[in-house]
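Colleague: I am new to this structure and would like to go through it by question and answer. Please show it before we start.

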Amino acid sequence: NFAKLNVWMFFNSRLYRLVTEFYRNNETLNSFFTKKEQANKPKYNNTYKPIIFYYDTNTDPLYDYAWRLEDKILKRFRNKVEKINSRLLIFNIPCKLDVYDDEWKWVKEELHLNEQYDVFHLGNCLKRICEKDSIEFINPVIEFIEKTNKLRASNEKLYYDQDIHWN
């Protein structure tokens, strides 16, 4: 399987990691291969399909159960941290969708999402749980959005074009 080989190479070959980083950071190579790949692929590559339910504001009982479970896990974690005289801090790492409004609009169109999907839903749910349970919470999504808007002029980005990771 190519994906397994890719992961193995990443963790076992320094040269592979260097070449991968070079490719990701080289705008000319990146745009050349991305355009070539896009010509041979459908527009949407299912990157976001597995996580899109996090943005669903619908009160589906399964989602409610998942959030209640998340609440219990965080509370239990907080209690363990406090037992060792420390404090828990939850830091939300914004997804590329949270930061790039054009990416969010594109995914909404591709997946035919209606207004029950909210790009800030995940962060808001985590914030509510943390406030209720007296857990410190940092959500830098607004700062990321502001930084993204400033970087647009220089054609720099916080996330890679071809995947969902920070550059």
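**Charged pairs and a helix face**

Modeller: Glutamate 82 counts as partly exposed, at 42% relative accessibility. The model is a predicted one.

Colleague: Which residue does the side chain of glutamate 82 meet in a salt bridge?

Modeller: Side chains of opposite charge can pair when their charged atoms come close. For glutamate 82 the N to O distance in the salt bridge is 4.0 Å. The partner is four residues away in helix 4, about one helical turn. That partner is arginine 78.

Colleague: Is arginine 78 buried or exposed?

Modeller: Buried means under 20% relative accessible area. Arginine 78 has a relative accessibility of 15%, so arginine 78 counts as buried.

Colleague: Where do glutamate 136 and arginine 87 lie, and how many residues apart are they?

Modeller: The side chains of glutamate 136 and arginine 87 meet in a salt bridge, 2.8 Å from N to O. This pair links distant parts of the chain: glutamate 136 belongs to strand 2 (residues 136–138), while arginine 87 is in the loop between helix 4 and strand 1 (89–91). Their separation along the chain is 49 residues.

Colleague: What is the relative accessible area of arginine 87?

Modeller: Its partner glutamate 136 counts as partly exposed, at 34% relative accessibility. Arginine 87 is exposed, and its relative accessible area is 65%.

Colleague: Which residues are joined into one network by salt bridges that share partners?

Modeller: One salt bridge is formed by the side chains of aspartate 71 and lysine 75, at 3.9 Å from N to O. Both residues lie in helix 4 (residues 61–83), four residues apart, about one turn of the helix. The network is made up of Asp71, Lys75, Lys132 and Asp133.

Colleague: What is the relative accessibility of lysine 75?

Modeller: Aspartate 71 is buried, with a relative accessible area of 11%. Lysine 75 counts as partly exposed, with a relative accessibility of 30%.

Colleague: How many salt bridges does a search of the whole structure find?

Modeller: Among them are the bridge between aspartate 71 and lysine 75 and the bridge between arginine 78 and glutamate 82. The search of the whole structure gives a total of eight.

Colleague: Why are the buried residues of helix 8 on the same side, and which helix is included in what covers them?

Modeller: In helix 8 (residues 141–151), the buried residues are Val141, Phe144, Thr148 and Leu151. They cover an arc of only 85° around the axis, so they are on the same side of helix 8. What covers these buried residues includes helix 5 (96–99).

Terms used:
Residues numbered from 1 in each chain as written. Predicted model: local features only at pLDDT ≥ 70, side-chain atom pairs only at ≥ 80, totals over all residues. Heavy atoms only, no water. Buried < 20%, exposed > 50% of the residue type's maximum accessible area, 1.4 Å probe, protein only. Helix = DSSP H or I, 4+ residues; strand = E, 2+ residues; numbered from the N terminus. Arc of directions from axis to C-beta. Contact = heavy atoms within 4.5 Å.
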